[in-house]
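Biologist: Please take a close look at a single part of this model, the surroundings of the ligand. Which residues make up that region, and what lies around them?

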Amino acid sequence: MADAIAEAARRHPAPEGLVYTYGTAGFRTKAEVLDSVMTRCGLIAALRSRALKGKWIGVMITASHNPPQDNGVKLVEPLGNMLQEEWEVISTVMANKATPEDVSKYYHEIAAQYKIDLSSPARVVVARDTRASGARLLNCVTDGLKGADVEYKDYGFLTTPQLHYMVRCLNTEGTPESYGIATEKGYYEKFAQAFKTALGSKRPQGHLTVDGANGVGGPKLTELIKYLPPKEEGLDISVINDNVIKPESLNVDCGADFVKTNQRAPPSSKAGPGDRCCSLDGDADRIVFYFRDANNMFHLLDGDRIATLVASFLGDLVRQSGLAESIKIGVVQTAYANGAATNYVEKNLKLKVDCTATGVKYLHHAAEKLDVGVYFEANGHGTVIFSADTLETIEKHEPRSPAQKEALDVLSACINLINQAVGDALSDMLLVEVVLAHKNWGPQEWLSTYDDLPNRLLKVIVADRRIFETTDAERRLVKPEGIQKEIDQEVQKVRQGRSFARASGTEDAVRVYAEAATRAEADDLARKVADIVKSAGK
Ligand code: G16
């Protein structure tokens, strides 16, 4: 076996002088330098599966919102969660081993340390997004899997959340927690059926335009539509930016990250005033909504808005079902959440808010501690998770009136509609549509729940972003020394000012966020903080 591991690593040697890190969402960098990392991730997936007695582990090849020339890989735990942090560290060490012999040695060291029986079965599922480099990188992964003698399934092209779904289904098959059928058809049928039930007799208003970011989400949505009720009875959707034949167009002038960062619609959008639109990202794990009003003004309905909409709806359903005393809902955000959104959740919805570092894994973890945890990053990543006790409470609850029963039925359907393995743009999209239909709202009514503080997100390129170290859920910089004081001074100069800077975990840049009472103040604050970062990072 030692030889087979070294042999797999030898086929894809590590480039000299590069340091890899398992970041916010796995390894991400230019696709041309990822071959060795992919093979080693195959080996780590094998070890992780064996450590968990042959449970299925997921390997997703994607760089999500990043540009077309990038790629990446992330590993998925048996219930569809992100890889455990301890194993992120192991993956990083493995990715940076210099020689095939070092790789093989480390593989056996980890096996010994975790008492992993290397002759026991290992099972792995693999999928990828539509990037041009995906096929080559898949071969690198499978070389690792073959070297480690793994039973693997290759699902071809999937959205990231579909891969998470497959992993959870495979590991829960035949158990009381069975999550669904581990096929694409199974995925579409499950979510389409839940959408139909959750909608009940309600109908979404008007029409929805979905921007697929020229990524895997476009064709997968086209497939999902075939399983949804016909548009006269359900949702009238048109898909734009679904050109996966031209992978160089992925996330270019389209997609959730473009819309969120630039605060404008993709130039290709032809939607008219009041038309609901949304954008997915390259692997369909995030979504933002938006529209133009009667005066042609663009309005963004981002992850914060989805969280407030969904939390308020679930709160209503829990109350109307007669469960208010037994189920508590909480919201988890990151520092990027607009101050007005946090305020609205605390003051109007009267719900608890937790703030974590950026990265779905942190939010998911915090949400797991709640009965019902609604977690969304402002950039559109998120979902809702229900604790096992809460699910049991809901299941056993006896409604005392037809109104309670109706609310309970919708609540149960929503639980099925929400991809609890991970944030899923397609499932989130259907959930938002259900909520809007029940509230009889269009985007304008959704927007009028509160006023966002004007905000600006900037990217600053520095020599080495690792020198920027943060604390307090990334809201304050501890290094380089003295820089936080300079930022504080700028923040104090504007009304309702807030700003922070943090190194990205997916791109070679430092991100700067600023918000303030007016657009001019927010833009000015962002520029000033970016200047501070730039000079500290020279
Ligand atoms: C990934 C993570 C998200 C994170 C985003 C940006 O998203 O899954 O949790 O918000 O990167 O992270 P950073 O600011 O560290 O670059 P995606 O859509 O690229 O997978």
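Modeller: The shell around the ligand consists of two nonpolar, 10 polar and six charged residues; Ala, Val, Leu, Ile, Met, Phe, Trp, Tyr, Cys and Pro count as nonpolar, Asp, Glu, Lys and Arg as charged, and the others, Gly among them, as polar. There are 18 residues around the ligand, and A25, S64, S504, G505 and T506 come nearest. A residue is near a molecule or strand if its C-beta atom, placed from the backbone, lies within 6 Å of it.

The model is predicted: local features need pLDDT of at least 70 and side-chain atom pairs count only at pLDDT 80 or more, while totals for chains, interfaces and linings use all residues. Residues are numbered from 1 along each chain as its sequence is written.

S64 also appears in a record: the unreviewed UniProt entry lists S64, D281, D283 and D285 under "binding site". UniProt positions are given here in the numbering used for the model, feature names are shortened, and annotations may be inferred rather than shown by experiment. These positions are spread over 222 residues of sequence, yet they cluster in space, with a largest C-alpha distance of 7.8 Å.

S64 sits in the loop between β2 (56-61) and β3 (70-76). Helices (H or I, at least four residues) and strands (E, at least two) are DSSP runs, numbered from the N terminus. S64 counts as buried because 29 C-beta neighbours lie inside 10 Å. The cut-offs are 20 or more other C-beta atoms within 10 Å of a residue's own for buried, 12 or fewer for exposed, and in between for partly exposed, with C-beta atoms placed from the backbone. Leaving out residues up to four places away in sequence, S64 touches A25, T160, D281, G282, D283 and D285; two residues are in contact if their C-beta atoms, placed from the backbone, lie within 7 Å.

D281 belongs to the loop between β8 (276-280) and β9 (287-292). With 34 C-beta neighbours inside 10 Å, D281 is also buried. Apart from residues up to four places away in sequence, D281 touches S64, H65, A213, N251, G255, A256, D257 and R286.

Three of those contacts, G255, A256 and D257, lead to α9 (255-262). α9 is mostly covered, as six of its eight residues are buried: G255, A256, D257, F258, V259 and K260. The cover over these buried residues includes β6 (207-211), β8, β9 and β10 (298-301). Just after α9, Q263 takes a positive phi of about 50 degrees.

On the other side of α9 in sequence, S249 is placed in the loop between β7 (236-240) and α9. S249 is partly exposed, because 16 other C-beta atoms lie within 10 Å. Residues up to four places away aside, S249 touches N214 and N243. S249 and N214 are 35 residues apart along the chain, and their C-alpha atoms are separated by 6.2 Å.

A further group of positions comes from the same kind of record. In the unreviewed entry, UniProt places "binding site" at E377, A378, N379, R502, A503, S504, G505, T506 and R511. S504, G505 and T506 from this list are also among the residues that come nearest to the ligand. E377 lies in the loop between β13 (372-376) and β14 (382-386), and N379 lies in the loop between β13 and β14 as well. E377 is buried, with 26 other C-beta atoms within 10 Å; N379 counts as buried with 23 C-beta neighbours inside 10 Å. Beyond four places in sequence, E377 is in contact with G303, T334, Y336, T358, L363 and G382. For N379, the contacts beyond four places are A256, D257, K260, R286, G303 and Y336.

The wider setting is a chain divided into domain 1 (2-157), domain 2 (186-300), domain 3 (303-447) and domain 4 (455-536), with bounds from an automatic or database domain assignment. The centres of domain 2 and domain 3, taken over C-alpha atoms, are separated by 21 Å. Their contact takes 35 residues from domain 2 and 28 residues from domain 3. On the domain 2 side, α7 (184-199), α8 (217-225), α9, β8 and β9 each supply at least two residues. α7 gives the most to that side, with seven residues. The residues of this side divide into 18 nonpolar, seven polar and 10 charged.
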